[in-house]
Amino acid sequence: LVARMHGFGTTIFAEMSALAAETGAINLGQGFPDTDGPREMLEAAKAAIDAGRNQYPPGPGVPELLEAVAAHQERFYGLRVDPRSEVLVTVGATEAIAATVLALCEPGDEVVTFEPYYDSYAATIALAGAVRRTSVLRFPDFAVDEASLRAAFSDRTRLVLLNTPHNPTGKVFTRTELELICSLAREHDAWVVTDEVYEHLVFDGLEHVPVATLPGMAERTLTISSAGKTFSATGWKVGWVTGPADAVAAVRTVKQFLTFVGSGPFQPAVAVALGLGDDVYAGLADSLQAKRDLLVAGLRSAGLEVAVPSGTYFVIADTAPLGATDGPAFCRRLPSVAGVVGVPVSVFHDDVEAARTLVRFAFCKRDEVLREAVARLSRAG
Ligand code: PMP
Ligand code: GLN
């Protein structure tokens with residue numbers, strides 16, 4: 001394995017899902033729902049398969065999905081993107097992130113991001129030969145620390161890799177925080193690559209602010225999303241990136257040689273899903289908010305300190321009251337101690353001390369599963 005990939009081994013999600021399968025523990029580790037997305041979308045995929053749409057789709061994506069992504073950006077955010085030149089369909093957000101970073105970064109360039117970070121950010125930055133510069137979001141409020149953010153920028157900063165709503169903290173960046181980040185990006189003439197896969201999973205009436213809607217930002221922002229979270233179809237791997245035509249063309253050049261194309265019959269099905277009514281989008285957020293409340297209350301009654309998330313389907317708790325002193329070791333024991341799997345937050349940090357005993361639990365599960373998990377954790381406490 002090449003030196004720049006040393007330390008990346010097996011992802012924590014694969015490790016923890018394998019542990020859940022092995023022990024029969026309730027898997028609140030890897031984030032995936034245990035119910036299916038909209039019926040119309042599922043039927044559309046079957047119809048596409050039956051209609052013979054099983055060969056290579058066009059490189060940029062099937063036309064109806066490009067149109068549907070553009071229509072979605074306008075419908076929810078008033079953003080106008082040209083479906084022919086400013087949208088690219090990818091194999092999940094994961095490929096969009098990788099192709100974007102590889103397309104924009106020279107070796108030695110610096111990428112500013114927040115920690116805890118989604119694991120693929122660190123790996124992708126390393127693959128590109130770039131250098132990550134991070135600013136820590138601290139439990140339990142995960143507020144942006146202006147001084148450390150400023151210090152992460154330099155004359156080598158090439159791009160800022162943002163994620164709002166944020167995995168694993170559940171933080172929804174405020175408009176003020178985003179304005180600060182964007183003003184620093186403009187000052188350093190950096191791109192902003194913004195991973196908004198949880199754009200529709202926002203609670204308590206809060207507003208998701210897409211970075212591209214901020215003044216002067218559309219021309220330097222690449223926005224990434226995917227169907228996995230919005231439509232509970234994480235295995236379909238349909239993602240997309242939108243932004244200025246020249247940057248999207250650069251990403252497309254790289255994407256061609258990563259996967260060429262992908263997800264043939266699922267692309268038209270996601271186009272159908274994107275066009276569904278507001279009730280479908282709101283219904284998912286409402287249902288997840290209730291699940292969040294259930295899990296947060298349960299973790300608190302098990303004696304844990306919890307950071308209440310405003311978005312995503314993850315909640316972070318401090319497991320010190322359950323006897324944790326080291327998150328990764330504790331999470332490897334948790335299936336036998338409590339019959340539950342969670343993910344140690346420190347693996348998403350360079351500064352592991354910032355998250356020594358923090359564990360992320362996913363609440364995108366049926367209520368009875370969450371209730372059973374909570375009961376088990378309470379018995380363990
Ligand atoms: N970004 C974030 C923040 C995520 O949590 C995930 C995982 N669901 C992804 C990207 C990857 O998305 P996809 O499954 O569409 O590749
Ligand atoms: N995004 C999911 C999570 O954070 C997992 C994706 C993966 O397994 N790579 O749990």
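This report describes the domains, the nonpolar core and the ligand surroundings of one protein chain, in a model that is predicted.

**Two domains and the side where they touch**

The domain assignment divides the protein chain into domain 1, made of residues 3-37 together with 279-380, and domain 2, which covers residues 39-276. Taken over C-alpha atoms, the centres of domain 1 and domain 2 are separated by 24 Å, and 37 residues of domain 1 are in contact with 37 residues of domain 2. On the side of domain 1 that touches domain 2, the elements that give two or more residues are helix H11 (278-301) and the strands E9 (305-307), E10 (314-318) and E13 (358-362). Helix H11 gives the most to that side, with seven residues. Sorted by class, this side of domain 1 holds 21 nonpolar, eight polar and eight charged residues.

A record adds another description of the chain: in an unreviewed entry, UniProt places the feature "domain: Aminotransferase class I/classII large" at residues 25-377. The end C-alpha atoms of residues 25-377 lie 12 Å apart, and this span is 41% helix and 16% strand.

**The largest nonpolar core**

The largest nonpolar core has 121 residues, and those that touch the most other members are Val 101, Leu 159, Val 160, Val 192, Val 270, Val 315 and Val 340. Helix H4, which runs over residues 92-104, gives the most to this core, with nine residues. The core draws at least three residues from each of the two domains, domain 1 (3-37 + 279-380) and domain 2 (39-276). As for Val 101, if residues up to four places away in sequence are not counted, this residue touches Val 111, Thr 124, Ile 125, Ala 128 and Ala 130.

**The surroundings of the ligands**

Around ligand 1 there are 14 residues, of which Gly 92, Ala 93, Thr 94, Asn 167 and Ser 226 come nearest. Helix H4 gives the most to the shell around ligand 1, with three residues, just as H4 gives the most to the largest nonpolar core. The residues around ligand 2 are Thr 11, Phe 13, Gln 30, Gly 31 and Asn 167, and Asn 167 is also one of the residues that come nearest to ligand 1. The table sets out the classes of residue in each shell.

| Shell | Nonpolar | Polar | Charged |
|---|---|---|---|
| Ligand 1 | three residues | nine residues | two residues |
| Ligand 2 | one residue | four residues | no residues |

How values were computed:
Residues are numbered from 1 along each chain as its sequence is written. Chains are lettered from A and ligands numbered from 1 in the order in which they are written. This is a predicted model: local features need pLDDT of at least 70, side-chain atom pairs count only at pLDDT 80 or more; totals for chains, interfaces and linings use all residues. A residue is near a molecule or strand if its C-beta atom, placed from the backbone, lies within 6 Å of it. Ala, Val, Leu, Ile, Met, Phe, Trp, Tyr, Cys and Pro count as nonpolar, Asp, Glu, Lys and Arg as charged, and the others, Gly among them, as polar. UniProt positions are given in the numbering used here, feature names are shortened, and annotations may be inferred rather than shown by experiment. Helices (H or I, at least four residues) and strands (E, at least two) are DSSP runs, numbered from the N terminus. Domain bounds come from an automatic or database domain assignment. Two residues are in contact if their C-beta atoms, placed from the backbone, lie within 7 Å. A nonpolar core is a set of buried Ala, Val, Leu, Ile, Met, Phe, Trp, Tyr and Cys residues joined through C-beta atoms within 7 Å. A residue is buried if 20 or more other C-beta atoms lie within 10 Å of its own, exposed if 12 or fewer, and partly exposed in between; C-beta atoms are placed from the backbone.
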